[in-house]
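Student: Could you take me through one part of this model up close? I'd like to look at the place where the two chains meet, and at what lies in the core.

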Number of protein chains: 2
Amino acid sequence: MFAPLQNDTFLRACLRQATDYTPIWLMRQAGRYLPEYCATRAKAGSFMGLATHVDYATEVTLQPLARYPLDAAILFSDILTVPDAMGLGLSFAQGEGPRFATPVRDEAAVARLEVPDLDRLRYVFDAVTSIRKALNGRVPLIGFSGSPWTLACYMVEGAGSDDYRLVKSMLYSRPDLMHRILSINADAVAAYLNAQIDAGAQAVMVFDSWGGVLADGAFQAFSLAYTARVLTQLKRHGPDGKIVPRLVFTKGGGLWLPEMKALDCEVLGLDWTMNLATARSLVGGTAGGHGKALQGNIDPNVLFAPPTQIRLEATRVLESFGAPHTDRNLTGPTHIFNLGHGISQFTPPDHVAALVDAVHTHSRSMRAA
Amino acid sequence: MFAPLQNDTFLRACLRQATDYTPIWLMRQAGRYLPEYCATRAKAGSFMGLATHVDYATEVTLQPLARYPLDAAILFSDILTVPDAMGLGLSFAQGEGPRFATPVRDEAAVARLEVPDLDRLRYVFDAVTSIRKALNGRVPLIGFSGSPWTLACYMVEGAGSDDYRLVKSMLYSRPDLMHRILSINADAVAAYLNAQIDAGAQAVMVFDSWGGVLADGAFQAFSLAYTARVLTQLKRHGPDGKIVPRLVFTKGGGLWLPEMKALDCEVLGLDWTMNLATARSLVGGTAGGHGKALQGNIDPNVLFAPPTQIRLEATRVLESFGAPHTDRNLTGPTHIFNLGHGISQFTPPDHVAALVDAVHTHSRSMRAA
């Protein structure tokens, strides 16, 4: 159905298999820092106009690959498509973040929630198939969703927040309501990701962007448990019979890495606060043993420095993880290079080229050493 | 000169000495959630009008003590008084955060920076002495400052930020400039805190509010090293010959606790993401041995739940730290209860009463058990 994969470096690293170099892709790599993205978005009229239009979504997904030798593509979409399909009315005002017309603030609103009809998300699955065709086997395609907790933050707050007062008020006052929202979200996210896999996604990632705002104890009960509930429901193989690696990224989740080790997934994403050597020793496993592949974790603000500094910092992050194993007969610790958070809209595009080249070049030399 | 101290529970806990119960105070306890604070602020006309007026600053510092049996008072001031004294022009627009008229963005601006004449901060030291007199020995008074890195964030950004793009761009592009800013800030903060000690502060706290936004490696070089530089310059005793405990709070710093153990201070503050039992085992020490007292760490959003839930969560935090040592002949692990961040302006005041009572009552019962 789809063309054979030419660059499997990312997928191999997800499965803790040896690779010739460290693969790299960038969270939000198709985005506003690229003038060609802004041009397509202008044609589409709005963010959701872009995300719901299969041809535009395909076009912007492939734009960063035309500029940089990235090792994976990621579906162009938003983490909030699922609650939008639940009827909450997602919109993006100019220059602002996402907003829901009807946030979930009381018992009646919680009672009305249900797993949405996946037909309302058909535009996403159509985009996955279209992108997969357009990639023509060049690199694998990653599908994604927000985590149940991260979706709940937006669903209750109605928009971004700097204190999470409304969602945490519900969590502490009415944990029963919060658990009901999260249960529905988990089942919806699992169905959503499975449909992306059916449509052609070769890996799937759960973005727990706001897990790190929770207190110790609350994180385990209200975020981690529901990410686990998603993972247990996910298909392990695509329509082609290939394994579909599952990635989980909790921003600000470094303290909980020992507990995230128990998640039934292949890759853990890390932000820039986490020391990669420490993370590797905690969850990376050994050659021949079990463990998680690690993804991350350079500070996106490094990309505002001159290319010479970018190369130094990229090297520092690679060396911090240390040499990946190189025995093709064994699984072992592997590193997928990424930012610790989405790329800034103000990033100079040629600085991204310096980063990608530094990672490819230096990681090859680490393996030769 | 000042009346003798009647309640030394907080100071004893800072020094890892046994206490009859766990002392509690709240970050930003004198603030907008109190109607009496809002009334005084209205009289003062502006935030800086309030902070620079000795009588008003004294009045609002004592307001929460009139409502709740808190175990410490904290100087009413702002973390940004030092860069204001450097000539950056601090202001607070209505409904917004702090703003500097002349942020530090280039080499020339960095070259102009110097440790300010402390006479420009006389209003702070006068407030310390006035508050200390007004307290009349009831509870100890904590002085404070922002950390060198946290001050630098505001000095370069010119205001709050959600991505720290400008300050991190400078850090990664021109680390030499950033080190110069931080050196000056460290020496200024040390002189500022020493003058607060001379004026009557019985403990001093460094708020590293934005240390947690730094990458691993950058935190150690650009925040921790300069907090350490402040600490080495601080007076160890007040004019009365009493030891002045030093507290350091890095929001989002839990991952770096093993490295913060080496700081020359008595107390480490923690936000709600850190497990207190883990923190105690890492840095709390043992009875008879060395270690840090720990301060924190309930999520301020717990205060939006009903009092019954507040009591449950307060108990959970106390039990998470576990039983403090009770031998009056030994130092050992101690806990100072606090929020993990400043109290929200939307907090119902009677919920604070429930928290303070729960901490006092339950912590006494833990010692009796």
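Tutor: Let's start with a term we'll need: a nonpolar core is a set of buried Ala, Val, Leu, Ile, Met, Phe, Trp, Tyr and Cys residues joined through C-beta atoms within 7 Å. Keep in mind that this is a predicted model. The largest nonpolar core here has 242 residues, and A:Ile142 and B:Ile142 are the ones with the most contacts inside it. Zoom in on B:Ile142: leaving out residues up to four places away in sequence, B:Ile142 touches B:Ala72, B:Ala73, B:Ile74 and B:Leu75, and also B:Ala201, B:Ala203, B:Val204 and B:Met205.

Now for the place where the chains meet. Chain A puts 28 residues into the contact, and chain B puts in 28 residues too. On the side of chain B that touches chain A, α9 (165-173) and α14 (307-321) of chain B each supply at least two residues. The largest share of that side comes from α9(B), with 5 residues. Sort that side of chain B by class and you get 11 nonpolar, 10 polar and 7 charged residues.

How do the two copies sit relative to each other? A turn of 180° with a shift of 0.0 Å along the axis lays chain B on chain A with an RMSD of 0.0 Å. The two copies are thus related as by a two-fold rotation axis. If you want a landmark, pick B:Leu255: among the residues of chain B, its C-alpha comes closest to the rotation axis, at 3.0 Å. And 100% of the interface residues of chain B are interface residues in chain A as well, so the copies meet through the same surface.

Technical notes:
Residues numbered from 1 in each chain as written. Chains lettered and ligands numbered in written order. Predicted model: local features only at pLDDT ≥ 70, side-chain atom pairs only at ≥ 80, totals over all residues. Contact = placed C-beta atoms within 7 Å. Helix = DSSP H or I, 4+ residues; strand = E, 2+ residues; numbered from the N terminus. Nonpolar A, V, L, I, M, F, W, Y, C, P; charged D, E, K, R; others polar. Least-squares fit on C-alpha atoms with pLDDT ≥ 70 in both. Buried ≥ 20, exposed ≤ 12 C-beta atoms within 10 Å, placed from the backbone.
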